[in-house]
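Hi,

Here is the structure I said I would pass on to you. Have it open while you read, and my notes on what turned up in it follow right below.

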Amino acid sequence: MTDPSPLWPARLHHIEITSDQPPVLLDFYRRLFECDAQELADGRWLLAGGERNIVVGRGARNGLGYSAFAMDDRARVAALRDFVTAQGIKIQPSPSPLFGEEAFAVSDRDGNILVFGTPLDGAPAKADRLPARLQHSVVGSPNMDDLIDFRLRLGFVLSDQVKDDDGNLTAAFLRSDREHHSQAMFHTRVPKFDHFSMETTSWNDIRDWADHLGGLRISLSWGPGRHGPGNNLFFMVCDADGNMVEFSAEMELMDRDTAVRQWKHEPHTLNLWGIAWMRD
Ligand SMILES: [Fe+2]
């Protein structure tokens with residue numbers, strides 16, 4: 001039996017979103033997250049909050065540049081790098097301005113980049129007025145099996161699968177710590193950035209975020225509802241580029257060795273309370 005991957009536990013720490021209109025997107029997130037945007041040395045921008053950090057880069061609209069996972073010590077990052085290398089997976093330089101020099105990146109079949117590292121010591125982040133911790137990122141893909149297999153080889157653990165009546169996989173959720181998923185994917189005709197999510201501390205936080213959005217005249221795009229896989233309360237909004245942003249609470253916790261579960265492809269699975277966003 002091979003040793004388990006050193007990945008566990010790892011948490012999503014920051015993501016990069018690419019945009020062809022960065023000033024517009026930055027203005028949206030400044031107001032949404034109540035944080036400042038600072039220009040980085042490489043021409044990208046950092047929206048830095050206490051528990052939510054987003055890098056905005058100039059590029060194609062609706063692009064997920066990378067998803068960066070924080071680990072708790074450099075030795076484990078090095079062990080993960082060795083573990084990944086031993087499987088023949090190509091190591092790439094880390095694109096992250098927030099991780100140390102031990103960080104590295106890998107890329108799946110669709111070109112989705114995952115980064116692993118430890119956060120640099122910086123100035124203490126100011127507390128967020130409204131709590132919401134960046135928690136998962138999700139893509140759409142016509143190559144679901146490849147993307148899942150790649151993440152399993154890295155050390156992610158499959159939590160839930162959704163299949164249609166013909167047995168075709170339509171969604172999958174993977175975890176890298178006890179939270180139900182830190183990565184997920186939906187079957188789509190072309191690869192795409194699906195959404196990212198922030199975990200709040202309670203249902204009341206969901207209310208407070210919705211009130212904050214109401215004050216900004218930003219309408220909810222989906223929800224509130226409760227997902228089947230993950231059992232989390234949620235709603236989603238569209239950002240200025242049309243990317244879906246999720247606010248979540250009560251994400252289910254699972255042990256590392258809990259077996260994968262199966263769900264039927266139907267609206268009820270994606271929203272136990274009713275109307276669902278069915279991807280195509
Ligand atoms: Fe989500």
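Pro 224 sits in strand E14, and the peptide bond that links Gly 223 to Pro 224 is cis, with omega at about 10 degrees. Before you go hunting for it, remember that this is a predicted model. There is another cis bond to look for, from Trp 8 to Pro 9, where omega is near -5 degrees. Pro 9 belongs to the segment before E1.

While you are around E14, look at two backbone oddities. Arg 217 is in the loop between helix H4 (203–215) and E14. Its phi is near 60 degrees, which is a positive value in a residue other than glycine. Is Arg 217 buried or exposed? Arg 217 counts as exposed, because there are 6 C-beta neighbours inside 10 Å, and the cut-off for exposed is 12 or fewer. Asn 231 is in the loop between E14 and strand E15 (233–238), and phi is positive there too, near 55 degrees. With 13 C-beta neighbours inside 10 Å, Asn 231 counts as partly exposed.

Now zoom out to the sheet that E14 belongs to. This open sheet has nine strands in the order E14-E15-E16-E13-E9-E12-E11-E10-E17, and the pairing is mixed. Strand E14 (222–226) and strand E17 (261–264) are at the edges with a single partner strand each, so one side of each has no neighbour in the sheet. On average, neighbouring strands here are turned by 20 degrees against each other, direction ignored. Inside the sheet, strand E9 (residues 133–141) pairs with strand E13 (residues 192–199) in the antiparallel sense, over seven bridges. One pair to click on is Arg 133 with its bridge partner in E13, Glu 199. Helix H3 (residues 144–154) lies across E9, strand E10 (157–163), strand E11 (169–175) and strand E12 (183–187), and runs at about 15 degrees to E11.

On to the other sheet. This one is open as well, with eight strands in the order E2-E3-E4-E1-E5-E8-E7-E6 and mixed pairing. Strand E2 (37–39) and strand E6 (92–93) are its edge strands; each has a single partner strand, so one side of each is left without a neighbour in the sheet.

I'd spend some time on strand E8 (residues 113–117). How many of its five residues are buried? Four of them are, so the strand is mostly covered, given that buried takes 20 or more other C-beta atoms within 10 Å. As a reminder, strands of a sheet pair through backbone hydrogen bonds, either parallel or antiparallel. E8 shows you both senses:

- With strand E5 (residues 63–70), E8 pairs in the parallel sense over four bridges. Ala 68 stands opposite Val 115 in E8, and Ala 70 stands opposite Gly 117.
- With strand E7 (residues 104–107), E8 pairs in the antiparallel sense, again over four bridges. Phe 104 has Phe 116 of E8 as its bridge partner. The hairpin of E7 and E8 has five residues between the strands, and Gly 111 in it takes a positive phi near 90 degrees.

Next, the overall layout. The chain is divided into domain 1 (11–117) and domain 2 (133–270), and their C-alpha centres lie 19 Å apart. Where they meet, 28 residues of domain 1 are in contact with 27 residues of domain 2. On the domain 1 side, strand E1 (11–19), helix H1 (22–33) and E5 are the elements that give two or more residues. E1 provides the largest share, seven residues. By type, that side divides into eleven nonpolar, nine polar and eight charged residues.

Last, the inside. The largest nonpolar core has 67 residues, and Leu 47, Phe 69, Val 115, Phe 116 and Met 185 touch the most other members. H1 gives the most to this core, with six residues, and the core draws at least three residues from each of the two domains. Try Phe 69 as a starting point: beyond its neighbours within four places in sequence, its contacts include Leu 12, Leu 114, Val 115, Phe 116 and Ser 176.

Have fun clicking around!

How values were computed. Residues are numbered from 1 along each chain as its sequence is written. This is a predicted model: local features need pLDDT of at least 70, side-chain atom pairs count only at pLDDT 80 or more; totals for chains, interfaces and linings use all residues. Two strands pair if DSSP finds at least two bridges between them. Axes are lines fitted to C-alpha atoms, for helices over the stretch in contact, and angles run from 0 to 180 degrees between N-to-C directions. Two residues are in contact if their C-beta atoms, placed from the backbone, lie within 7 Å. Domain bounds come from an automatic or database domain assignment. Ala, Val, Leu, Ile, Met, Phe, Trp, Tyr, Cys and Pro count as nonpolar, Asp, Glu, Lys and Arg as charged, and the others, Gly among them, as polar. A nonpolar core is a set of buried Ala, Val, Leu, Ile, Met, Phe, Trp, Tyr and Cys residues joined through C-beta atoms within 7 Å.
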